Number of protein chains: 2
Amino acid sequence: MVTNKNCVLRLSRYKNALHRFKSLGFFKIFSSYLADAVGVTSAQVRKDFSLFNIMGNKRGGYVIEQLIEKLNDILGKNEVQQVVLVGAGNLGSALLKYKNFEKEGIKVEAAFDIDPAKQNSKMGVEVLPLERLVPFIKDHGIRIAILCVPDIAAQQTFDLMCKAGIKGVLNFSPIELKVTDGCIVTNVNLAVELENMIYFVNAQDKAGQAALRDNEEGISAIS
Amino acid sequence: MVTNKNCVLRLSRYKNALHRFKSLGFFKIFSSYLADAVGVTSAQVRKDFSLFNIMGNKRGGYVIEQLIEKLNDILGKNEVQQVVLVGAGNLGSALLKYKNFEKEGIKVEAAFDIDPAKQNSKMGVEVLPLERLVPFIKDHGIRIAILCVPDIAAQQTFDLMCKAGIKGVLNFSPIELKVTDGCIVTNVNLAVELENMIYFVNAQDKAGQAALRDNEEGISAIS
């Protein structure tokens with residue numbers, strides 16, 4: 001069992017790149033092409049694949065169709081993944097309309113919200129009262145949830161879901177959930193992502209200015 | 001200049017935790033409290049802080065107000081960060097209403113879309129035609145952009161923005177952008193995040209079943 005998160009993330013990126021190659025009419029592919037498309041070295045591609053016992057052919061490369069099939073199998077994508085979404089506010093309702101989930105074999109079975117005004121609205125997916133969350137998870141054997149409730153309600157809703165049988169949560173609430181029973185939480189904090197990018201943009205700016213200054217000093221020392 | 005992405009991400013998480021401690025009435029804080037709140041070791045907290053020359057006090061810990069001020073300074077948050085958003089579809093328009101950006105000092109100055117029906121709609125932020133993107137970025141000296149266009153338009157829009165002066169992009173399009181001129185790209189691919197979580201939930205399940213099987217075999221071997 002491979003438990004390196006970055007490696008598994010790369011598998012998804014390989015798979016997406018393979019779909020693009022396939023749509024361009026490719027039948028086979030070399031690791032170097034795939035590496036270029038994803039922005040890693042071809043040694044990395046081969047190393048990742050060998051971890052999952054995926055072997056290529058030195059002369060012909062990988063057969064794209066077979067490779068996609070294998071990656072889908074590893075990523076659990078050869079069956080539809082049922083998820084529930086809790087909190088149908090702005091972000092939640094946008095996610096209900098997010099077409100890439102469906103493309104990737106992820107089906108939001110139902111959404112839940114405490115606000116009666118949001119229930120039964122036109123979201124493409126049924127929005128049910130929060131009281132029905134626990135029985136729904138149990139009845140449908142759902143293991144994955146998307147959490148989009150305000151931060152004040154996040155921990156309580158999370159605890160509820162875990163007790164009902166949820167094993168993995170994509171958390172959009174900007175708080176650190178206290179995880180007790182081995183549920184896997186992936187935090188998506190968009191403000192934090194932006195904040196970090198701003199740090200690196202500023203860092204690059206400062207590095208650029210310092211290089212420029214050093215260069216000028218160099219010139220004045222020579223002249 | 002610290003360029004470790006995970007370290008910078010932790011600074012954001014420390015800052016968010018500090019705000020929570022502050023709102024609970026705390027004045028000073030020990031690294032161990034902060035570590036617990038964020039889910040790392042206190043050695044990690046001290047190591048991260050020492051990288052940025054932040055020193056605590058063995059007896060009293062850190063003064064929360066000062067620490068927040070320093071972290072904000074490092075993260076470039078003591079000034080409002082102006083960003084533009086391109087692509088006001090479902091996800092884009094949800095992000096325009098996303099309250100956590102404003103809370104974090106991030107201001108979406110304008111949004112842009114190719115669809116006249118989306119322009120001048122009630123989004124709280126002005127939605128302008130795409131032709132105005134380049135002059136707007138130049139006139140306002142914007143360096144950060146949020147990209148929410150369909151994948152087919154993503155690379156072209158990205159190239160346009162970079163030429164206009166954008167240095168950092170939060171990319172929601174499910175493609176790998178080809179970066180040529182040192183622009184920093186952070187990809188947020190929600191389907192990939194979900195896909196990965198599903199992999200780890202399945203992995204945990206299999207590990208649990210294997211442990212159970214081993215255990216049963218153990219029992220039958222004994223009995």
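**Close-up views of a predicted two-chain model**

**View 1. Surroundings of B:L51 in chain B.** Not counting residues up to four places away in sequence, B:L51 touches B:V2 and B:C7 (contact means heavy atoms within 4.5 Å). This is a predicted model, in which local features need pLDDT of at least 70 and side-chain atom pairs count only at pLDDT 80 or more, while totals for chains, interfaces and linings use all residues. Residues are numbered from 1 along each chain as its sequence is written, chains are lettered from A and ligands numbered from 1 in the order in which they are written, and side-chain values use heavy atoms, with hydrogens and water left out. B:L51 belongs to helix α3 (residues 42–51) of chain B; helices (H or I, at least four residues) and strands (E, at least two) are DSSP runs, numbered from the N terminus. Its relative accessibility is 47%, so B:L51 counts as partly exposed (buried is under 20% relative accessible area, exposed over 50%, partly exposed in between, with a 1.4 Å probe and protein chains only). Between B:L51 and B:I29 there are 19 Å in space, C-alpha to C-alpha, and the two are 22 residues apart in sequence.

**View 2. Strand β3 (residues 81–86) of chain A and its partners.** Five of the six residues of β3(A) are buried, so the strand is largely enclosed by the rest of the structure. β3(A) pairs with strand β4 (residues 106–113) in the parallel sense over six bridges; two strands pair if DSSP finds at least two bridges between them. Opposite A:L85 stands A:A111 of β4(A). Strand β6 (residues 144–147) also runs parallel to β3(A), joined by four bridges. A:V83 has A:I144 in β6(A) as its bridge partner.

**View 3. The interface of chain B and chain A.** In contact here are 67 residues of chain B and 67 residues of chain A. The two chains bury about 6100 Å² between them, with 64% of it on carbon and sulfur atoms; buried area is the accessible area (1.4 Å probe) that two parts lose on being put together, summed over both. The rule finds six salt bridges across this interface (a side-chain nitrogen of Lys or Arg within 4 Å of a carboxyl oxygen of Asp or Glu). A:E176 forms a salt bridge with B:R13, and their closest N and O atoms are 2.9 Å apart.

**View 4. A:Y33 in chain A.** A:Y33 is placed in helix α2 (residues 31–38). With a relative accessible area of 41%, A:Y33 is partly exposed.
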